[in-house]
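Work through the exercises below with the sequence and the model open. Each has a task sentence and a stepwise solution.

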Amino acid sequence: MTTARVTPQAPQAPPAPRAPRRVALLPTAALLLGALYCLVPVVWVVMAATKAGDELFSTFTLAPGTGLLTNIADLNAYRDGVYWRWMANSALYAGVGAALSCAVSALGGYALAVYRFAGREAIFGVLLTGVLMPPVILAVPQYLLLAEVDLTDHYLSVLLPVLLSPYGIYLARIYAAAAVPSDVVEAARMDGAGEWRIFRAVALPMMLPGLVTIFLFQFVAIWNNFLLPFIMLSDDEKFPMTLGLYTLLNQGSNSPALYTLVITGSLLAIVPLVALFLLIQRFWSLDLLSGAVKS
Amino acid sequence: MHQRTTVAALTAALTTAALAGCGSSDGGGSDGPVDLTYWAWAPGMEQVVELWNEANPDIQVTVKEQAAGDDLVTRTITAAQAGEAPDLVQAEYQALPTLVSNDVLADISGELDGAEEQFAPGLWQQVTLGTDAVYALPQDSGPMMFYYREDLFAEYGLEVPTTWEEFADTARAVRDADPDTYLTTFSANDAGLFAGLAQQAGARWWTADGETWRVAIDDEATRRVAEFWGGLVAEDAVLNEPMYTPAWNQAINTGEQLAWVSAVWAPGTLSTAAPDTAGSWAMAPLPQWEEGGNATGSWGGSTTAVTNDGQHREAAVEFATWLNTDPEALAALVTEGGIYPAATAAQTGDALAGPPAFFENQPDFYARAAEIAQGTAPASWGPNVNVAYGAFNDAFAAAAESRGDFAEALATVHRATVDDMESHGFQVAE
C-alpha cells in the first residue's frame, strides 16, 4: 500500500499534436498585469535594500544603490546580531507551529471526512464559523486566558493558539473526502488493519498533497503574523521577525527610524519563504487521486 | 481591549493619592535580589541599565525593548488587565492620563524624595496631572524650535522670523523668490506637532476639575493657530503635504523646503532625511505670538512610570529616580540613547556641551536649547488623546488637502473627542 506514496507521475504525454494555439491576448494581458502588480513592491524592496542611507530618498526609486553589503553588515551588527535571533524565532514559530497544526488538521479532517458519528456536522459547523472569525479578534482573549496559566511571554504562547487552524481542518476534510475513497478504507479494514494503521499507512499518503498545502498556508500565516506575538511577547529575545522589525521602525520621536535596516531585514525575511515554496512546490503537481483506485 | 474604567475609578485613583503610596511595602529583603522588568523603547537603554545593575546587585533591572507609540499603551493596558504588566514602563506624557484612568500606573508620591525640583514646572505638572499624586518621572522632553537652512536663507536674503507674523511674511517672500520653493509645509500626519503649537499659544486641551473633565480643543488659542496655518495653506504660502514621506525627505534634502518647525530632537531626523545638508542648518527659537516672548510647546518626550502590578514599588521608584536624575545615568542616556534629558541640570551638563554632529556650525546649540526649554508651556492631556489625535489626522489631512476650512476641522476634532469621552462614561463640561 505504502508504495502509493509520492511518486510524482511522469509528465503526462501531450494529448496528440495540437494545432498551434493562438495566444489569448486578453487573459495573458490580465495575468501580466497581475504579476506586475505583485512584483513591483518586491522589486522596490530589492532595490531599496541595496541603497545606502543617504541614497535611500535621494536617488531614483527603482535604481539600484551601492550599499547592500554595508546594510547587511549593519543589520548583522545591530545589537549583536539580534536580527538572526528573530529570524530563528520566526523559523521556530512557523516551522513547529505549521507542522503541529498540520498534524491536528490531518487528524481532524480525516475523522470528519471518514467517520459517521453524532454531532459531526455540528462540529464541522462550529469549525466553519471559526474560518470566518479573523484570528485578530481572538488574540486578546487568548492573551487573557494564557495569562491565567502564566504562559504569556513564553514560546508556547505563540505556538498554542496556532495549533488549531479551522481553515486547515476544513481543507483537510474536503481533501480527505475527495482523496481517500471509502472503498479503500473498507478494503483496509477487510485486510485487518486497525483504524490508526489505516490512517497512517493508507489515508495519510493520499492526503499528502493537501497537507503540504495546509503546511504552507500555516507557515506563511505564522511567519507573517504580527498581532498575536505582539500581544503575547514582551521579551525581545523571543520576538519573531515581524515584531523585531517593528521595534526598529518605532524608536521614539527623538531617534530616526532605522529605514535601511528595516528594508534590508524585510528583504532577507522573504528569502526563506521563497526557498520553502521552491522546495515544496513539486508536491503540488500531484493530482487529487494519484495512487488511489482508478475508476 | 480598550475597556476604560469610568470616572469613578479615575477619581478614586486621583483622590486616594496620598493613601495609595503607603500601601505598598515590599519587604523583599531576605529573598535575594529584587528583579524588575522595564518596558522601554529608547535606544541604548540596555547599556544605561547595565550601569545600574553593576552598582546595585540587590535590585536587578531587565530591559525589554518595545516599539514606541500608541500600540504600546494599548498593550500595557491589556497586560495590566491580565496582571502581567512590567514593573516599569516608558510612557509618553500624553499617554499618562489614559494609563491612569485604566488603573495601570501607581501613585509614587509616597516613595519619592525631592525629585520635583529637578524638573521644569511645566514638565512636572504633566506627570502629576495637576493633582497631589505623581504618576511618573520625566525622562526626556521635546521643546519645540525653528530649524532653517542658514545658507539658503542668506542666499534668498531672508531674516529669521521672530514672530508668527514675520513667519507668514517670510513664507510669502520665499514663494516670490522661487516659485518651486516653500518655506515649509503644514503636515497633518502628526498631531503632536499641532498640539505643541497650540500649547505655545496658550491652549490647555484637557483640564480635570473634580469628577468633571473640561475639553477645550476648540478654544481661542488653538483656533488662532489653526486659522493661521489654514490661511497660509489657502494662499499657497506653505505647502500642504505631509512630512516624513520620501517626497518630504527629498524636499528637505534638496532645499525645496527651507525650514522645519520641529523639536530639540530634529538633528537626528534631519541627519537621515537630508544627509547631504549637514552643517547648513541652524536652530532658532520658535516664532512668537507676542513680540519678545519666550514661549514654546512640547513635541515628544517621555517618562518612566511605575505600574500597580509591580511587587517591588520602592525598588522600582528608586531605580526610576536614579535613571532620570542621576548625572551619570543622564549622561549615559544622552550618549547612548541620544535623548534630550528632562532634568534641568542635565540640559547644560557635560554630555551636551558640544552641538549635535549635524549642527557643528552652531556650537552653542544645547545652551540655546536649554534657554528655549525654560519657556516650555504647560501641557495638559486627557484620557483619550489617541482619539483626539486620530480625529485630528483625518480632519486636518482633508482640510489641508482641499485647502479648506481649518476652523471647521478643529471643531470636528473637538466634537469627536468630547463624544468619545461621553460614550466612555466621563463627565465632560465644555
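## Exercise 1: the second largest pocket

The lining of the second largest pocket takes at least three residues from each of two domains of chain B, domain 1 (7-142 + 300-363) and domain 2 (144-297 + 380-429); the domain bounds come from an automatic or database domain assignment. This is a predicted model, in which local features need pLDDT of at least 70, side-chain atom pairs count only at pLDDT 80 or more, and totals for chains, interfaces and linings use all residues. Residues are numbered from 1 along each chain as its sequence is written, chains are lettered from A and ligands numbered from 1 in the order in which they are written, and side-chain values use heavy atoms, with hydrogens and water left out.

Task: Which helix gives the most to the lining of the second largest pocket?

Solution.
1. Fix the term: on a 1 Å grid over the protein atoms alone, a pocket is an open set of points where a 1.4 Å probe fits, with protein on both sides within 12 Å along at least five of seven lines, and lining residues have an atom within 4 Å of a point.
2. The pocket holds about 750 Å³ of space, where a volume is the space filled by probe spheres set on the points, joined across faces, edges and corners.
3. Its lining has 36 residues; Pro43(B), Thr335(B), Glu336(B), Gly337(B) and Gly338(B) lie nearest the centre.
4. At least two lining residues come from each of α3 (82-114) of chain A and α3 (45-55), α12 (266-273) and α14 (327-337) of chain B; helices are DSSP runs (H or I, at least four residues) numbered from the N terminus.
5. The helix sought is α14(B), with four residues.

## Exercise 2: two positive phi values

Task: Is Asp153(A) buried or exposed, and where does Arg79(A) lie?

Solution.
1. Most residues other than glycine have a negative phi.
2. Asp153(A), not a glycine, has a positive phi of about 60° and sits in the loop between α5 (135-148) and α6 (155-163) of chain A.
3. The relative accessible area of Asp153(A) is 15%, so Asp153(A) is buried (buried is under 20%, exposed over 50%, partly exposed in between, with a 1.4 Å probe and protein chains only).
4. Arg79(A) also has a positive phi, near 45°, and is found in the loop between α2 (68-77) and α3 of chain A.
5. Arg79(A) is partly exposed because its relative accessibility is 23%.
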